[in-house]
Amino acid sequence: RALDESYVQARTGWRPTLSLGGALSYNEVRTPKNASGIDSNADGIPDSFGSFGIREANQARVGLTFNQPLWTGGRTAAAVNAANADVLAGRENLRRVESSVLVSVIQAYSDVRRDQQGLAIRQENVKVLTRQLEESQARFDVGEVTRTDVAQSQARLSQAQALLQSAVAQLAISRAAYAAVVGQNPGELAPEPSLDYLMPDDPDLAYKVAEEHNPQLLAQQYAEQASRARVAGARAERMPSVSGQVTFGFQGPAYPNRPLEPFQSDLYTRGTTATINASVPLFSGGLVSSRVRQAVERNN
């Protein structure tokens with residue numbers, strides 16, 4: 001989702017911008033009176049020798065500026081292509097992660113069912129060997145078998161009990177792995193459905209499907225496309241750019257000696273300015289050429 005926003009941001013290189021600006025200035029000038037007869041404040045009375053004339057003024061302006069790129073030399077198109085390829089690569093990486101998580105869930109599910117069945121087998125084996133030991137003990141009591149036969153039955157039962165404990169531990173491990181990837185402990189798990197219908201008919205078809213749909217391969221292909229677009233963007237820095245700008249605003253006069261003059265709309269000047277700006281890069285000290293070589297090497 002974050003990569004999706006990079007595509008939107010790249011497309012703004014084609015879109016206009018509108019800004020509102022304003023300024024309010026205050027100016028005070030102190031001029032020494034080195035000669036009489038100077039009337040700095042225009043009050044009809046000459047300034048006295050050796051004093052300072054103080055002139056105060058304020059000015060205000062406000063305006064709207066509309067700017068529209070007309071031609072960017074391919075910079076914006078390259079940025080949009082690179083962002084689009086980055087988004088597609090990100091989606092394939094997401095699909096790879098999703099498939100990895102799904103495989104982990106399937107593996108954990110199958111491991112729990114396998115170990116549950118293995119534990120049931122071990123439990124049944126212990127029961128059978130327990131009965132065999134009881135029979136051997138009974139036959140030994142009546143003299144039909146020797147003590148060695150009884151000892152062998154005891155050894156088989158001890159081995160089965162050890163394997164049972166191992167199966168219990170393995171099931172606990174599998175249940176913990178299941179909880180880690182699923183988020184809850186396994187309950188009564190149904191048998192796994194058959195996935196044979198998903199399997200290709202032959203290995204060649206499997207390779208073909210993988211080459212066409214494998215998310216890791218597709219992500220790398222889109223990454224190369226993004227890199228190639230950035231090479232074009234670096235080369236576009238050598239191209240000129242053209243934009244249009246329109247400014248509409250009001251500017252108030254500088255009121256002398258009246259810094260707190262209230263707003264008077266009839267004294268403000270209204271103006272509209274339309275401008276076409278063109279910029280042609282001539283020499284960048286080798287910066288653009290270096291960026292082009294850098295982008296080419298990264299693409300390689």
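A crossing of two helices is left-handed if the near helix is turned anticlockwise from the far one by less than a right angle. The legends below use that term. The model shown is predicted.

**View 1. Helices H2 and H5 cross in a left-handed way.**
The two helices pack at an angle of about 165°. Their axes lie 8 Å apart. Angles over 145 degrees count as roughly antiparallel, so H2 is roughly antiparallel to H5. The residues of this contact divide into 14 nonpolar, 5 polar and 6 charged.

**View 2. The whole protein has 6 helices and 5 strands.**
Start at the N terminus and follow the chain. The elements run α-β-β-α-α-α-α-β-β-β-α. The protein has 300 residues, and 20% of them count as buried. Its accessible surface comes to about 20,800 Å². Carbon and sulfur atoms account for 55% of that surface. Now take the contacts between residues at least 6 apart in sequence. Of these, 79% join residues at least 24 apart.

**View 3. Helix H1 packs against helix H2.**
H1 covers residues 2-11, and H2 covers residues 75-141. They pack at an angle of about 170°, with their axes 8 Å apart. H1 and H2 are therefore roughly antiparallel to each other. On the H1 side, the contact is made by Leu3, Asp4, Ser6, Tyr7, Ala10 and Arg11. On the H2 side, the residues are Thr76, Ala79, Val80, Ala83, Asn84, Asp86, Val87, Gly90 and Arg91. By type, the residues of the contact of H1 with H2 divide into 7 nonpolar, 4 polar and 4 charged.

**View 4. Helix H5 packs against helix H6.**
H5 runs over residues 215-236, and H6 over residues 287-299. The angle is about 165°, and the axes are 9 Å apart. That angle makes H5 roughly antiparallel to H6. H5 passes H6 in a left-handed crossing. H5 brings Glu224, Ser227, Arg228, Arg230, Val231, Ala234 and Arg235 to the contact. H6 brings Val288, Arg291, Val292, Ala295, Val296, Arg298 and Asn299. The residues of the contact of H5 with H6 divide into 6 nonpolar, 2 polar and 6 charged.

**View 5. A close-up of Ser227 in helix H5.**
Is Ser227 buried or exposed? Buried means under 20% relative accessible area. Ser227 has 15% relative accessibility, so Ser227 counts as buried. Which residues does Ser227 touch, leaving aside its neighbours within four places in sequence? Ser227 is in contact with Ala295, Arg298 and Asn299. Those three residues are among the H6 residues that make the contact with H5.

**View 6. A close-up of Asn277 in strand E5.**
Strand E5 covers residues 269-279. Asn277 has 31% relative accessibility, so Asn277 counts as partly exposed. Set aside its neighbours within four places in sequence. Asn277 is then in contact with Ser241, Val242, Ser243 and Gln245. Take Ser241 from that list. Along the chain, Asn277 and Ser241 are 36 residues apart. In space, their C-alpha atoms are separated by 8.2 Å.

**View 7. Gln107 and Gly118 are two residues of helix H2.**
Begin with Gln107. Its relative accessible area is 46%, so Gln107 is partly exposed. Gln107 and Ala177 are 70 residues apart along the chain. Their C-alpha atoms are separated by 9.4 Å. Move on to Gly118. Gly118 is partly exposed too, with a relative accessible area of 25%. Gly118 and Gln170 are 52 residues apart in sequence. From C-alpha to C-alpha, Gly118 and Gln170 are 9.4 Å apart in space.

**View 8. A close-up of Ala176 in helix H3.**
H3 covers residues 147-182. How does Ala176 count, buried or partly exposed? Ala176 is partly exposed, with a relative accessible area of 47%. Where is Ala108 relative to Ala176? The two are 68 residues apart in sequence. In space, Ala176 and Ala108 are 9.1 Å apart, C-alpha to C-alpha.

Technical notes
Residues numbered from 1 in each chain as written. Predicted model: local features only at pLDDT ≥ 70, side-chain atom pairs only at ≥ 80, totals over all residues. Heavy atoms only, no water. Axes fitted to C-alpha atoms, helices over the stretch in contact; angles between N-to-C directions. Helix = DSSP H or I, 4+ residues; strand = E, 2+ residues; numbered from the N terminus. Parallel < 35°, antiparallel > 145°, perpendicular 65-115°, else oblique. Contact = heavy atoms within 4.5 Å. Nonpolar A, V, L, I, M, F, W, Y, C, P; charged D, E, K, R; others polar. Buried < 20%, exposed > 50% of the residue type's maximum accessible area, 1.4 Å probe, protein only. Areas by Shrake-Rupley, 256 points an atom, 1.4 Å probe, with all protein chains shown as cover.
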